[in-house]
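Please open the model in the viewer and keep the selection tool at hand. The tour proceeds from one selection to the next.

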Amino acid sequence: MHRYQVLMVLLYAAASAAAAEFSGARALEDTRRVVAFGPRPPGSPELAKTRAYILQQLRPTGCLPVKDAFVATVPGGTLAMENVICRFPGKSGKAVAFTGHYDSKFLPGENFVAANDGGSSTGFLIELARALARMPRVHDVYLAWFDGEEAIRQWSATDGLHGSRHLAEKWKADGTLARLVALVNVDMIGDKDLGLLNEQNSDAGVRKLLWNVAADLGFGRHFLTTPNWIEDDHMPFVRLGAPAADLIDFDYGPQNSYWHTASDTPDKLAASSFDVVGKVLLEFLRNAEAGALPPRAAKQ
Ligand SMILES: [Zn+2]
């Protein structure tokens, strides 16, 4: 074996060891715990329980909580909301963020427990914190669980994405946005039949690195090629010029029939899907920290 090949094998072994520490089974278990609280719309006691559960799980990881309570303007008035944010401090001055939402859509009269749509992102990010706790730090790594992703009444520019719109503005004002080399948002990533959209509002450089890493790890079949356009929690950051991307599987059950219905239950999810996304994001982070992303255009 050539010396270069030996080095590559060693590097690959190191990468696999780090990536292997993400447990899709544990992420799915966290998702089940959260789903057991019941429907979790913004402002509900069940969402407060979910917030407490996330914070409790974060404690042993050493990810430092950042309080982010705010008052959202919603149809007919205002509503107190709270993003859950934590930070692993790095050394480079740059930052990477992994985000997702933890609220569930308020569907009156339905037992909508949102296992995939709100549950999977919650459980996924908790397990990601555990894996990150065991990795060496270069950049600051932020994890954010958004409140109010779902529209309180009807999806519009002013209803929906409440938590991410709030945080994007806050991070613009405090300079965090300018330090971001990448933000990756995850949504509905637990589906047994995982197919992540090639979402074109997403930053091209971040998307390319995600797709390349997935192909290198042998997960290319889950990263679709057909272009699609989705409005999700990455958009407020994209609009402010940040290098943000979205990983979403928007084909959930026959004709998307599990989406926003009482059929969105944990039996539709698979640990292997969480595993794919976890391994890809950890490897993505290693690449980003090694300088794989092109310098971002300053546009703020
Ligand atoms: Zn939804």
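**Helix pairs and two loop residues**

Begin by selecting α4 and α9, which pack at an angle of about 45 degrees with their axes 11 Å apart. That angle makes α4 oblique to α9, because angles under 35 degrees would count as roughly parallel and those from 65 to 115 as roughly perpendicular. The model in view is a predicted one. With both helices displayed, note that α4 passes α9 in a right-handed crossing.

Next, show the side chains at this contact. On α4, select Phe124, Glu127, Leu128 and Ala131; on α9, select Phe274, Val277, Gly278, Leu281 and Leu282. By class, the residues of the contact of α4 with α9 divide into 7 nonpolar, 1 polar and 1 charged. Glycine is counted as polar in this scheme.

Keep α9 (residues 271–289) displayed and add α7 (residues 204–216). These two helices pack at an angle of about 120 degrees, and their axes are 9 Å apart. The angle makes α7 oblique to α9. The crossing of α7 and α9 is right-handed. To see the contact, select Leu209, Leu210, Val213 and Ala214 on α7, together with Val280, Glu283, Phe284 and Asn287 on α9. The contact of α7 with α9 comprises 6 nonpolar, 1 polar and 1 charged residues.

Two loop residues come next. Most residues other than glycine have a negative phi. Which value does phi of Ala114 take? Phi of Ala114 is near 50 degrees, a positive value in a residue other than glycine. To locate Ala114, follow the loop between β3 (95–101) and α4 (115–133). Is Ala114 buried or exposed? Ala114 counts as buried because it has 31 C-beta neighbours inside 10 Å, and the cut-off for a buried residue is 20 or more.

Now move to His260, in the loop between β8 (244–248) and α9. Phi of His260 is also positive, near 55 degrees, in a residue other than glycine. His260 has 17 C-beta neighbours inside 10 Å and therefore counts as partly exposed.

For a further selection, go to Ala25 in helix α2 (residues 24–35). Ala25 has 12 C-beta neighbours inside 10 Å, so it counts as exposed. Then place a distance marker from Ala25 to Ala114: the C-alpha atoms are 18 Å apart in space, and the two residues are 89 apart in sequence.

Finally, clear the selections and display the whole protein chain. How many helices and strands does the protein chain have? The protein chain has 9 helices and 8 strands. Along its principal axes, the C-alpha trace spans about 65 × 40 × 40 Å. The radius of gyration of the protein chain is 18 Å, which agrees with the value near 19 Å that a compact globule of 300 residues would have.

To finish with the whole chain, colour the residues by burial. Buried residues make up 47% of the 300 residues in the protein chain. Contacts may be examined in the same view: among those between residues at least 6 apart in sequence, 80% join residues at least 24 apart.

How values were computed. Residues are numbered from 1 along each chain as its sequence is written. This is a predicted model: local features need pLDDT of at least 70, side-chain atom pairs count only at pLDDT 80 or more; totals for chains, interfaces and linings use all residues. Axes are lines fitted to C-alpha atoms, for helices over the stretch in contact, and angles run from 0 to 180 degrees between N-to-C directions. Helices (H or I, at least four residues) and strands (E, at least two) are DSSP runs, numbered from the N terminus. Angles under 35 degrees count as roughly parallel, over 145 as roughly antiparallel, 65 to 115 as roughly perpendicular and the rest as oblique. A crossing is left-handed if the near helix is turned anticlockwise from the far one by less than a right angle, and right-handed if clockwise. Two residues are in contact if their C-beta atoms, placed from the backbone, lie within 7 Å. The radius of gyration is taken over C-alpha atoms; the globule rule is 2.2 Å times the number of residues to the power 0.38.
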